[in-house]
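Biologist: I'd love a close look at one part of this protein, namely its aromatic side chains. Could you walk me through how the rings are arranged and what surrounds them?

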Amino acid sequence: MKKTLTLLFSLIVISSFGQEVQKEINEQVWKPFTKAIMNQDVNAFVAVHSVDLIRAERNDKLVQTLEEYKKGMETSWPRWKERNKKTNTVYVFELRFTERINNQNKAYEVGYFKNEDT
């Protein structure tokens, strides 16, 4: 019984630690990321990313460096912003995670975003 309680306590502490790290990641990465997208602010968007970024887009079969990714945003976001002004479209951007693993120094997160007009 003592081993079971110790294991249960350990799992609760580890789970709590992981949740705290995820809260920090949300505050430091995902909130600024979402804000940059909603404001279509390329520089703020790039600032959230590591200079070592490698972005892989499965659907487009595309792999990009941060600089290539930035150039794509600089090209597409002004058109997106102009189209939204003309149509008075407001977009809602949401992140959903299917997997989140972390320790104090590194995190691995897999998910998808939902972007729809309202």
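Modeller: Happy to; here is a tour of the aromatic rings, followed by the rest of the fold. Please keep in mind that this is a predicted model.

Let's begin with the group as a whole. W30, F33, F45, Y69, W77 and F97 make up one aromatic cluster. The number of aromatic pairs comes to five. A pair of aromatic rings is described by two things, the distance of the centres and the angle of the planes.

Take F45 and Y69 to start with. Their ring centres are 5.4 Å apart and the planes meet at 65 degrees, so this pair is edge-to-face; the cut-off for that class is an angle over 60 degrees. F45 belongs to helix α2 (residues 42–47) and Y69 to helix α3 (residues 66–87), so the pair ties together parts that lie 24 residues apart in sequence. As for their surroundings, F45 is buried, with a relative accessible area of 2%. Y69 is buried too, with a relative accessible area of 7%. Both values fit the definition of buried, because that term needs a relative accessible area under 20%.

F45 also pairs with W77. Here the rings are edge-to-face, with 5.1 Å from centre to centre and 65 degrees between the planes. This pair links distant parts of the chain, as F45 is in helix α2 and W77 is in helix α3, 32 residues apart. W77 is buried, as is F45.

Over at F97, another member of the cluster, a charge joins the picture. The charged end of R100 sits over the F97 ring, 4.0 Å from the ring centre.

Now for the fold around these rings. The protein has three helices and four strands, and from the N terminus its elements follow the order α-α-β-β-α-β-β. Strands β1 (residues 54–57) and β2 (residues 62–65) pair in the antiparallel sense over four bridges. In that pairing, R55 stands opposite Q64 of β2. The hairpin of β1 and β2 has four residues between the strands, and K61 takes a positive phi near 50 degrees there.

Finally, a few totals for the protein. Of its 118 residues, 23% count as buried. Among contacts between residues at least 6 apart in sequence, 48% join residues at least 24 apart. The accessible surface comes to about 9400 Å², and carbon and sulfur atoms account for 54% of that area.

Note on methods. Residues numbered from 1 in each chain as written. Predicted model: local features only at pLDDT ≥ 70, side-chain atom pairs only at ≥ 80, totals over all residues. Heavy atoms only, no water. Phe/Tyr/Trp six-rings, centres within 6.5 Å; stacked < 30°, edge-to-face > 60°. Helix = DSSP H or I, 4+ residues; strand = E, 2+ residues; numbered from the N terminus. Buried < 20%, exposed > 50% of the residue type's maximum accessible area, 1.4 Å probe, protein only. Lys NZ or Arg CZ within 6 Å of the ring centre and 35° of its normal. Contact = heavy atoms within 4.5 Å. Areas by Shrake-Rupley, 256 points an atom, 1.4 Å probe, with all protein chains shown as cover. Pairing = 2+ DSSP bridges.
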